[in-house]
Amino acid sequence: MITIASPFFPWVGGKEKLSPYILQVFPPKFNPYIEPFGGGGAILLGLPKSPSRLDIYNDFNADLVNLMVCVRDHLLEFLKELGFLANHSRAEFEDIKALMDHQSLSKLDMESYKREMAVAEECFDEKEAAEIKAILRKKATLRDVRRAVMFYKISRGSFSGTRTAFGVKRNNIRSFRYQIQRASERLQNVVIENKSAIDLIQERDCPTGLIYCDPPYYEAEKLYEAVFKKRDHVRLYHTLRNCKGYVVLSYNDCPYIRNLYKDFFVLAFKRDNPMAKKQGAEYGELIITNYDPRPYMTKQLDLFDVPCEKGALEIVRIPRKALKNT
């Protein structure tokens, strides 16, 4: 029996509830699997691991990447630190958020660590320097883990995973340990990158690979921390149009994106909108591919297949010729 992991923290635009729609259009065989806009990792975590496939997670957010690395490589230290740093009130949430804003990850990782390692090499003999550097590496890891725990806690304690406003809800951090452990198991052997999404696509694209992109949604970019302007959407389109491998994208349903990707296959469906204040509000979603996904769609998903989601997945655009032949 294959155990599927799930996201262990909330993320703006997270795809956990949408993963059945997205995963069903994936071809059966591909290698490598690449997520340039990794975010909360819902699709990667929900994709069964294959020993013969290389999986690559990437995000431009250094704190998010640090969290993923710590959960993958330093699970016990992460869980231990998680038990010491409380977060049950608005005041504690604001304190942690202020501390993270004040201390950048680059300062913690690069400046003091490199300086201390250089001093060890210059002032001690080879054996002594090796012992001191081992201690410094352990301390640097602990600093990374502490920051990862702070990032995790403000994500868990915020409204809809925004990390900007405190969420008034029950938030027993220790009850989420099982999710973290499952995610750690799934992330083993996953390559974790921290670079520009477009740079990663251009570096890693190959005829046998699958690239799944979940970029900031068009005209909803203010909800994301990363700056992503209209020209970035256009640049992403041109990059993906030239890809040799399989390409799958998630986007919000709007005329601009439908027109921009007019030479791709486009599928659409409706879902509940958790960010809206009006009860029963819906949000249109698109799944876009550079290949014909119909051979891989064994059935149409509807409300009874995926709780909290609305409507069936339907193809709304079929190009004259597929950019990628299957």
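# Exercises on a predicted model

In this predicted model, the largest nonpolar core holds 48 residues, of which Phe26 and Phe78 touch the most other members.

**Exercise 1.** Determine which helix supplies the largest share of this core, and list the contacts of phenylalanine 26 beyond four places in sequence.

*Solution.* Step 1: H3 provides six residues, the largest share of the core. Step 2: with neighbours within four places in sequence set aside, phenylalanine 26 contacts Tyr33, Ile43, Leu47, Leu210, Tyr212, Val248, Tyr291 and Tyr296. Step 3: a second core, separate from the one above, comprises 29 residues, including Ala197, Ile201, Tyr217 and Leu260. As background, nonpolar side chains in soluble globular proteins tend to be buried together.

**Exercise 2.** Classify the packing of helix H3 against helix H8 as parallel or perpendicular, and characterise the contact residues.

*Solution.* Step 1: the axes of H3 (residues 62-73) and H8 (residues 177-187) are 8 Å apart, and the helices pack at an angle of about 90°. Step 2: angles of 65 to 115 degrees count as roughly perpendicular, and H3 and H8 are therefore roughly perpendicular to each other. Step 3: Met68, Val71 and Arg72 of H3 meet Ile180, Ser184 and Leu187 of H8. Step 4: the residues of this contact comprise four nonpolar, one polar and one charged.

**Exercise 3.** Carry out the analysis for helices H9 and H10, starting from their crossing angle.

*Solution.* Step 1: the axes of H9 (residues 197-204) and H10 (residues 230-241) come within 10 Å and cross at roughly 5°. Step 2: because angles under 35 degrees count as roughly parallel, H9 is roughly parallel to H10. Step 3: H9 contributes Ile198, Asp199, Ile201 and Gln202 to the contact, and H10 contributes Arg235, Leu236, Thr239 and Leu240. Step 4: these residues divide into four nonpolar, two polar and two charged.

**Exercise 4.** Describe the backbone features at proline 32 and asparagine 189, and state whether asparagine 189 is buried or exposed.

*Solution.* Step 1: proline 32 lies in the loop between helix H1 (19-23) and strand S1 (33-35), and the peptide bond leading to it from asparagine 31 is cis, with omega near 5°. Step 2: asparagine 189, in the loop between H8 and strand S3 (191-193), has a positive phi of about 70° although it is not a glycine. Step 3: the relative accessible area of asparagine 189 is 73%, so this residue is exposed.

**Exercise 5.** Locate alanine 322 and identify its contacts beyond four places in sequence.

*Solution.* Step 1: alanine 322 is in the segment after strand S8 (309-317). Step 2: its C-alpha atom is 6.5 Å from that of aspartate 292, although the two residues are 30 residues apart along the chain. Step 3: beyond four places in sequence, alanine 322 contacts Phe265, Asn290, Tyr291 and Asp292.

Key:
Residues are numbered from 1 along each chain as its sequence is written. This is a predicted model: local features need pLDDT of at least 70, side-chain atom pairs count only at pLDDT 80 or more; totals for chains, interfaces and linings use all residues. Side-chain values use heavy atoms; hydrogens and water are left out. Axes are lines fitted to C-alpha atoms, for helices over the stretch in contact, and angles run from 0 to 180 degrees between N-to-C directions. Helices (H or I, at least four residues) and strands (E, at least two) are DSSP runs, numbered from the N terminus. Angles under 35 degrees count as roughly parallel, over 145 as roughly antiparallel, 65 to 115 as roughly perpendicular and the rest as oblique. Contact means heavy atoms within 4.5 Å. Ala, Val, Leu, Ile, Met, Phe, Trp, Tyr, Cys and Pro count as nonpolar, Asp, Glu, Lys and Arg as charged, and the others, Gly among them, as polar. A nonpolar core is a set of buried Ala, Val, Leu, Ile, Met, Phe, Trp, Tyr and Cys residues joined through side-chain atoms within 4.5 Å. Buried means under 20% relative accessible area, exposed over 50%, partly exposed in between (1.4 Å probe, protein chains only).
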